[in-house]
Amino acid sequence: MIAISRVTTQYSDIEDRITLTGEGADGHVCCSWLTQRLANRLLANLFAILTPAEQDGLSSIVNEFSQEKAEAELTPQAPVKPNEGASERRLIQEIDINIADASVQLCFRHVDGEDVALTLTFRELRQWLSIVRRAFVNADWPTEYWPNWLTERTPQVTPPRLLN
């Protein structure tokens, strides 16, 4: 399994998929394709992790504030670039989600090739979700099932940012 510490997330018009380009601590770069169907299934689980089951008015406001704060702390960085030459991109077949006290690990399992693991703190997860939302907006994919604390924010259709 390859553990990545930085990831660039962007929509590919040509493939109609989200590309996750990740970099490990050793500088190894890997590219993975995330289909809309699998992304929707992943997001539903991630929203459930961040949104309490009994969402009352106060917890909704706290969740919105937490999202706003996480996005404000997101600083632009240089994107992770695929390796020179023919870059190998693998289709993600399934995703395992492991929750720890202060983080979430996403294990991307590919049809062929080595699996990739991305561990995010809850703040980083919120930041990554805002980046994924931008990819959804750029793709013109539906976001009506997304929680209000993400959809009521003004989307920016801009080049992707890096999360590390």
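This passage describes the salt bridges, one helix and the cysteines of a predicted model.

Local features were considered at a pLDDT of at least 70 and side-chain atom pairs at pLDDT 80 or more, whereas totals for chains, interfaces and linings use all residues. Residues are numbered from 1 along each chain as its sequence is written, and side-chain values use heavy atoms, with hydrogens and water left out.

A salt bridge was defined as a side-chain nitrogen of Lys or Arg within 4 Å of a carboxyl oxygen of Asp or Glu. A search of the whole structure identified 3 salt bridges. In one of them, Arg 6 pairs with Glu 23, and the closest N and O atoms lie 2.7 Å apart. This pair connects distant parts of the chain, with Arg 6 in strand β1 (residues 2-12) and Glu 23 in strand β2 (residues 17-24), 17 residues apart. Strands (E, at least two residues) and helices (H or I, at least four) are DSSP runs, numbered from the N terminus.

Asp 96 and Arg 109 form a salt bridge through their side chains, with an N to O distance of 2.6 Å. This pair also links distant parts of the chain, as Asp 96 belongs to strand β4 (residues 89-99) and Arg 109 to strand β5 (residues 103-110), 13 residues apart. The side chain of Arg 109 also meets that of Asp 115 in a salt bridge, at 2.5 Å from N to O. Asp 96, Arg 109 and Asp 115 are thus linked in a network of salt bridges.

Accessibility was classed by relative accessible area: buried is under 20%, exposed is over 50%, and partly exposed is in between (1.4 Å probe, protein chains only). Within the network, Asp 96 is partly exposed at 25%, Arg 109 is partly exposed at 26%, and Asp 115 is buried at 17%.

Helix α3 comprises 18 residues (residues 122-139). The expected span of a helix is 1.5 Å times one less than its number of residues; for α3 this gives 26 Å, in agreement with the 25 Å between its end C-alpha atoms. Of its 18 residues, 14 are buried, so α3 is largely enclosed by the rest of the structure. Just after α3, Asp 140 adopts a positive phi of about 60°.

With a disulfide defined as a pair of cysteine sulfur atoms within 2.5 Å, the count is 0 disulfides. For Cys 31, the closest cysteine sulfur is that of Cys 30, at 7.0 Å, which is too far for a bond. Cys 31 is buried, with 4% relative accessibility, and Cys 107 is buried, with a relative accessible area of 2%.
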